[in-house]
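Here are a few short exercises to work through with the model open in your viewer. Try each task before you read its solution.

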Amino acid sequence: SKRASLPAAPELGLRSAVPNARNATEFADRIARALDKNQTSWVLYNMAAFYWRIKGNGHMVVECLRRALEYSPREFKDVALVSLGNVLHRGQHSEDAAIVVTAAINIAPQYHVTHFTLGNIYAAIGDYDQAILCFEHTTRITPEFHGAHQRLNAVRCQRNLE
């Protein structure tokens, strides 16, 4: 299946976000034990997907996120959708990633990082007008987010060059 062949390089930068675990394996063991007790926890499936993103196993990431989406209340589906969008984008499926992250924004439009993520995806595929809209929205939500201002300026420059 396409899911099994999704390329996913290990996202080692995510290791610093693993809560209260000495290493990723301990984190995985805790999640596995918790899932044994609660097999319908959308939070645990999102955490398991996070572990597989660290390990670089695209197939397992998608399987965990699929379950997270199945069990999430609608108002929290954005969590799995943004994660899936990041994995798809990193796996060179940026158009699909844009669709998924747009769905996350439709569920929870208040999070600046989701707009920023979508802006980066649009910039990567060369849709500079959409990227600019996303970065402008990011800066309206969180004016102190300097990275968004920098990306907005960079994309405006790129658009003017092309």
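Helices here are DSSP runs of H or I with at least four residues, and strands are E runs of at least two. Keep in mind that this is a predicted model.

**Exercise 1. Take stock of the fold.**
Task: work out how many helices and strands the chain has, and in what order they come.

Solution. Start with the count: the chain has eight helices and zero strands. Reading from the N terminus, the order is therefore α-α-α-α-α-α-α-α. Next, check the overall size. The radius of gyration is 17 Å, close to the 15 Å from the globule rule for 162 residues, so the chain is as compact as a globular protein of that length. Along the principal axes, the C-alpha atoms fill a box of roughly 55 × 30 × 30 Å.

**Exercise 2. Look at surface and contacts.**
Task: find what share of the residues is buried, and what supplies the exposed area.

Solution. Of the 162 residues, 43% count as buried. The chain exposes about 9000 Å², and carbon and sulfur atoms supply 53% of that. Now turn to contacts between residues at least 6 apart in sequence: 51% of them join residues at least 24 apart. Finish with the charges. There are 18 positive and 15 negative ones, and their mean positions are 5 Å apart.

**Exercise 3. Classify a ring pair.**
Task: decide which kind of aromatic pair Tyr45 and Tyr71 form.

Solution. Two rings pair if their centres lie within 6.5 Å, and planes under 30 degrees apart count as stacked. By this rule the count comes to six aromatic pairs. For Tyr45 and Tyr71, the centres are 6.0 Å apart and the planes make 20 degrees, so the pair is stacked. Then place the partners: Tyr45 sits in helix α2 (residues 42-55) and Tyr71 in helix α3 (residues 58-71), so this pair links distant parts of the chain, 26 residues apart. For the cover, Tyr45 has a relative accessible area of 11%, so Tyr45 is buried, while Tyr71, at 31%, is partly exposed. Elsewhere, ring pairs join Phe116, Phe135 and Phe145 into a cluster.

**Exercise 4. Set two residues side by side.**
Task: say whether Ile121 is buried or exposed, and which residues Trp52 is in contact with beyond its neighbours within four places in sequence.

Solution. Ile121 lies in helix α6 (residues 112-124). Its relative accessibility is 1%, and because the buried class covers everything under 20%, Ile121 counts as buried. Skip the neighbours within four places in sequence, and Ile121 is in contact with Gly85, His89, Ser94, Ala97, Ala98 and Val101.

Trp52 belongs to helix α2. At 24% relative accessibility, Trp52 counts as partly exposed. With the same neighbours left out, the contacts of Trp52 are Asn57, Met60, Val61 and Cys64. For a sense of scale, Trp52 and Ile132 are 80 residues apart along the chain, and their C-alpha atoms are separated by 32 Å.

**Exercise 5. Check a backbone angle.**
Task: find where Gln92 is and what its phi is near.

Solution. Gln92 is in the loop between α4 (77-90) and α5 (94-107). The phi of Gln92 is near 70 degrees, a positive value in a residue other than glycine. Most residues other than glycine have a negative phi. As for cover, Gln92 has a relative accessible area of 66%, so Gln92 is exposed.

Terms used:
Residues numbered from 1 in each chain as written. Predicted model: local features only at pLDDT ≥ 70, side-chain atom pairs only at ≥ 80, totals over all residues. Heavy atoms only, no water. Rg over C-alpha atoms; globule rule 2.2 N^0.38 Å. Buried < 20%, exposed > 50% of the residue type's maximum accessible area, 1.4 Å probe, protein only. Contact = heavy atoms within 4.5 Å. Areas by Shrake-Rupley, 256 points an atom, 1.4 Å probe, with all protein chains shown as cover. Lys, Arg positive; Asp, Glu negative; His and termini not counted. Charge placed at Lys NZ, Arg CZ, Asp CG, Glu CD. Phe/Tyr/Trp six-rings, centres within 6.5 Å; stacked < 30°, edge-to-face > 60°.
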